Structures are given as C-alpha cells and as structure tokens.
Amino acid sequence: QEQALRTILGMERARITRYGYAVEYDALDPNELLRTLESRRIAGVFFGGQVNGTSGYEEAAGQGIVAGVNAAARARGTSPLILERSDSFIGVMIDDLVSMPFDEPYRMLSSRAEYRLLLRGETADARMLGKARDLGVIPPERATEVDIEQSVIERTLAALERTWVGANQRHASCLSRHGIQPAGRSQAALELVRRPEVSLESVLNALEELRLWEAERPTGLALARSEIAAKYGAFIAKEQKAARQQVASESMRVPTGLDFDDVRGMRIEARQKLNSATPETVGHARRTPGVTSTDIGALLIHLAAMRSPSSPGPMERSSPSPPAHGDPHVVIRRPMR
Ligand SMILES: Cc1cc2nc3c(=O)[nH]c(=O)nc-3n(C[C@H](O)[C@H](O)[C@H](O)COP(=O)(O)OP(=O)(O)OC[C@H]3O[C@@H](n4cnc5c(N)ncnc54)[C@H](O)[C@@H]3O)c2cc1C
C-alpha cells in the first residue's frame, strides 16, 4: 500500500501511520427465515437488514418494511405481506435470501430479477397499491392519487387506440407540423406513438389541433407512464404472461416432508440437494443450486400425480412430519446450528 500511495503526485514521501479498517459483521443464515422474514426457529421474531447477511441501505430498508409490516400483521392476526419475484425487487431479494445458499454478503443487483420490464421504477406505486391497501399501510389520500393516475393512463391508452388519423392532406400536414412523418394510410394514434422517434406529447399536440382528442390530457408522471405503456405495451404484456405462468408454478407448494427420492426422473444429485434444502415451493426448488429445469419438470409431474385422486401413490410413501411452529407448511429438517 505504501508503494502505491507514493505513486500519487505530492505523496512521494508519504508514510502510513494508521491503516484503514476492514468491516466485518455477524449475520444469521437467512435460509432460516420465511418469506415474511419471520424466523423459522422462533415464531413471532422477525429479522430485517444487514443481520440477514445483506449489505446496503436499500437492502436494509426493503427488508425493514417487510419485517415490520409482517410483525404488525402477525400481532393483529391479519394476512402477511409476501412479495413475489414478479412484483418487486424486494420480492426478488427476499426470495433469494431465504432460498439460495448463503456464503457472502448479498447485494440487490437489478440483474437478479427475471421480470425487469415489469419492475420499472415508475410503476412501483401502481404495483404495490393493492397489497398496501389490503394491509392498511398506505394513506387513503395517497391511494386515491395512485388510483387516479392509473385511470388517466388507462383512459389515455384507450383513447389513443380508438382515435384514428386519416390519410388526407389536412391530417398529413398537421402531423408534419408536429414533426411526425404522415403515414400513407389511416392509422390509430397508438401506432404513431409506437414509432421510436415519435413522442406521445407531439401526437397529443397534433390530435388536439385536429380536434380529435377528447380525453383528459395526461401530464407529468402519467404522461411518461402512458408513453412507456404505449411504446412497449406488447413486450410488457408478453412478460406479464410469462410472469403469471412462472408465478403459478413458482408459488406451488412442495408438501412438507416430501421425499425427493420418490420423484421419478429426477437426477440423484438433485434429489440429494432438495432433500437437504427442503424447499417450501417449486420456485425455491428451481433455484436450489444443482437442480436443473428437467429436474423441476419431473417434480411438477410428481406433484400433479400427488394431486390427482387416481394416483395417490407418492402421497402414501411420504410421511409428513408435524409442523414445528406456526407455519403449517414448514418443517425444519436441518440440525439446529
Ligand atoms: C464504512 C461503510 C460504508 C458503507 N457504504 C455503503 C454505501 O455507500 N452504500 C450502501 O448502500 N451501503 C453501504 N454500507 C452498508 C450499509 O451501511 C449497511 O448495510 C446498512 O446501513 C445496514 O443497515 P441496518 O439497519 O441493517 O443495520 P445497522 O445500520 O447496522 O443498524 C443496526 C442498529 O442496531 C443497533 N443494535 C445492535 N445491537 C443492538 C442491541 N442488542 N440492542 C439494540 N440495538 C442494537 C446498532 O447500534 C445499530 O444502530 C456501508 C457500510 C459501512 C460500514
């Protein structure tokens, strides 16, 4: 370090009198937590923040709100707050924390999320509104603001879809005045906005001049969100569909006490990994290192067979243990450390 320091202009003769320090801290293994951030070992105790092996301000704050809301929900006997990977970055972080092997401080990188098109910053209010309202953690006035903004966006998109611009001279010259290349045929205003070089604002200006715009004009964030929704709507819809399919299988519960050795077609390595990881859901099983999508395919077939009344076989072979604490879906299999 001394040599490196002395390469800096003006520090050629510098001497280090005291070295910087390394920051070390103890953390619990976050695999011991439920997705509510409640301890699996001690029911009613919730952990949030660096103590769960994360590093960072946002990571700590994100867990803090989930742990706090869930502690309150538990005390009040109301439904818990469980965030999905497809509805928030906090959902991705907590799901990773409780299901992935823990060997180094966890940082929330946006690349960890599968559905980044859905988790855009400007949609956070709208994405969280339903859950926040159910839990009573959003002031009614704020909820109303978000509702209003959302309906302005929906009305804007609907109006863009039903408002057509003709291929006539009057419409063409108006579009040109607003910097929009006229099309050789009539088309919905939505199609104009979808052109990469055309802004929603310029389309609205042209439509107003042509007296074709009758809806309320969006401003501020509603304008920006309407534009994104119009331009990328098809991609967003595709990702929403994929997320719905994923959520359906992700959140499918793996029966407590399931013996993965019974899953036909699953590789031995995956059976061993899953028997020791005891995943709560198919999503957790999917993210267990050493488990491939083929193994998950075998697991899904096995779970479907267990649900089918004509094939009770696998159910009979497994012997579910009684729940060790409040959550009936979780049984601690690991030795206490
Ligand atoms: C030098 C340094 C630089 C950093 N820079 C960044 C950065 O640039 N960006 C970033 O995102 N993150 C940074 N971090 C990481 C970030 O600061 C932490 O991960 C985050 O602040 C942790 O927040 P927390 O609330 O979980 O824990 P803390 O902020 O550590 O809060 C825990 C609190 O609990 C209190 N406490 C402990 N034991 C008890 C007890 N028994 N009873 C009562 N209270 C107790 C402590 O006094 C403390 O106030 C940095 C960390 C360090 C050390």
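This passage looks at two nonpolar cores and one helix pair in a predicted model.

Start with the cores. In general, nonpolar side chains in soluble globular proteins tend to be buried together. Here the largest nonpolar core is made up of 21 residues. Leu160, Ile180, Val203, Leu207 and Trp213 are the ones with the most contacts inside this core. Two or more residues come from each of α5 (140-162), α6 (169-177), α7 (189-194), α8 (200-209) and α9 (220-250). The biggest share is that of α8, which puts in five residues.

Trp213 gives a good view of how this core is put together. Leaving aside residues up to four places away in sequence, Trp213 touches Thr156, Ala159 and Leu160, and also Leu204, Leu207 and Glu208. Apart from the largest core lies another one, this time of 15 residues. Leu258, Ala298, Leu303 and Met306 are among its members.

Helix α5 also turns up in a helix pair, with α4 (residues 124-135) as its partner. The axes of α4 and α5 come within 10 Å of each other and cross at roughly 135 degrees. An angle from 115 up to 145 degrees falls outside the parallel, antiparallel and perpendicular ranges, so α4 and α5 are oblique to each other. Their crossing is left-handed.

As for who meets whom, α4 brings Asp125, Ala126, Leu129 and Arg133 to the contact. On the α5 side, these meet Arg142, Ala143, Thr144, Val146, Asp147 and Gln150. The contact is a mixed one, with four nonpolar, two polar and four charged residues.

Definitions and conventions: Residues numbered from 1 in each chain as written. Predicted model: local features only at pLDDT ≥ 70, side-chain atom pairs only at ≥ 80, totals over all residues. Heavy atoms only, no water. Core = buried A, V, L, I, M, F, W, Y, C linked by side-chain atoms within 4.5 Å. Buried < 20%, exposed > 50% of the residue type's maximum accessible area, 1.4 Å probe, protein only. Helix = DSSP H or I, 4+ residues; strand = E, 2+ residues; numbered from the N terminus. Contact = heavy atoms within 4.5 Å. Axes fitted to C-alpha atoms, helices over the stretch in contact; angles between N-to-C directions. Parallel < 35°, antiparallel > 145°, perpendicular 65-115°, else oblique. Left-handed = near helix turned anticlockwise from the far one by under 90°. Nonpolar A, V, L, I, M, F, W, Y, C, P; charged D, E, K, R; others polar.
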